[in-house]
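User: I'm new to looking at proteins, and I'd like a close look at one part. Could you walk me through the aromatic rings and what surrounds them?

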Amino acid sequence: MVNRPPLTPALSSAEFRAWYWLKTELIAFCRAQGLRASGSKLMLAERIAARLAGSERVQAPSARRPSREMPERFELRSEIAEGWRCSQALRGFFQQHCGAGFRFNGALREFIHTGAGRTLADALAHYERSRGAGPGKIDEQFEYNRHTREFFAENPGATRQQAIDAWWEKRGARKRR
């Protein structure tokens, strides 16, 4: 197993990007280097990669829309408002209509995020259409999920344990069992 190098200012940006880092490690590095230590894990990683590449310029995070208060009770005719989140209350609404096995998929999360003005009936229809559409794009922050999908695509017939072992090797950490 290749050992992950320590996260130090001597690391190259490319070498930094080749490894998996915990958010706590990124925050500690930022603080030690006098960088802002707030933001998402992806933003921290971009900030560190820029510093290691010799640049201080990192694109500012996009302005977050203010979270809009959501209704206490959801109905099919409820109109999705800007700033809605996929909350537990909204999950409960979808479970009532789709069953206990309901899970927010990427297509539905995107629909809720961009669906201001549409109704929850529209969202349900979109969810039903998207369920059989095959695997969607996995967002950057879900590194383990992306690793697993890529691993099984590259290693047909591999076991779940092999995927997990490859993940720990990629992380450069000792296996946890």
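Analyst: Here is a walk from one ring pair out to its surroundings. This is a predicted model, where local features need pLDDT of at least 70 and side-chain atom pairs count only at pLDDT 80 or more, while totals for chains, interfaces and linings use all residues. Residues are numbered from 1 along each chain as its sequence is written, and side-chain values use heavy atoms, leaving out hydrogens and water.

Across the whole structure, a search finds eleven aromatic pairs. Rings of Phe, Tyr and Trp (its six-membered ring) pair if their centres lie within 6.5 Å; planes under 30 degrees apart are stacked, over 60 edge-to-face, and the rest tilted. Phe-74 and Phe-93 make a tilted pair, with 6.2 Å from centre to centre and 55 degrees between the planes. Phe-74 sits in the loop between helix H3 (41-52) and helix H4 (88-98), and Phe-93 in helix H4, 19 residues apart. Helices here are DSSP runs (H or I, at least four residues), numbered from the N terminus. Both Phe-74 and Phe-93 are buried, meaning under 20% relative accessible area with a 1.4 Å probe, protein chains only. They belong to one aromatic cluster with Trp-84, Phe-94, Phe-102, Phe-104 and Tyr-127.

Leu-90 touches several of these rings: Phe-74, Trp-84 and Phe-104 are among its contacts, not counting residues up to four places away in sequence. Contact means heavy atoms within 4.5 Å.

Key: Helix = DSSP H or I, 4+ residues; strand = E, 2+ residues; numbered from the N terminus. Buried < 20%, exposed > 50% of the residue type's maximum accessible area, 1.4 Å probe, protein only.
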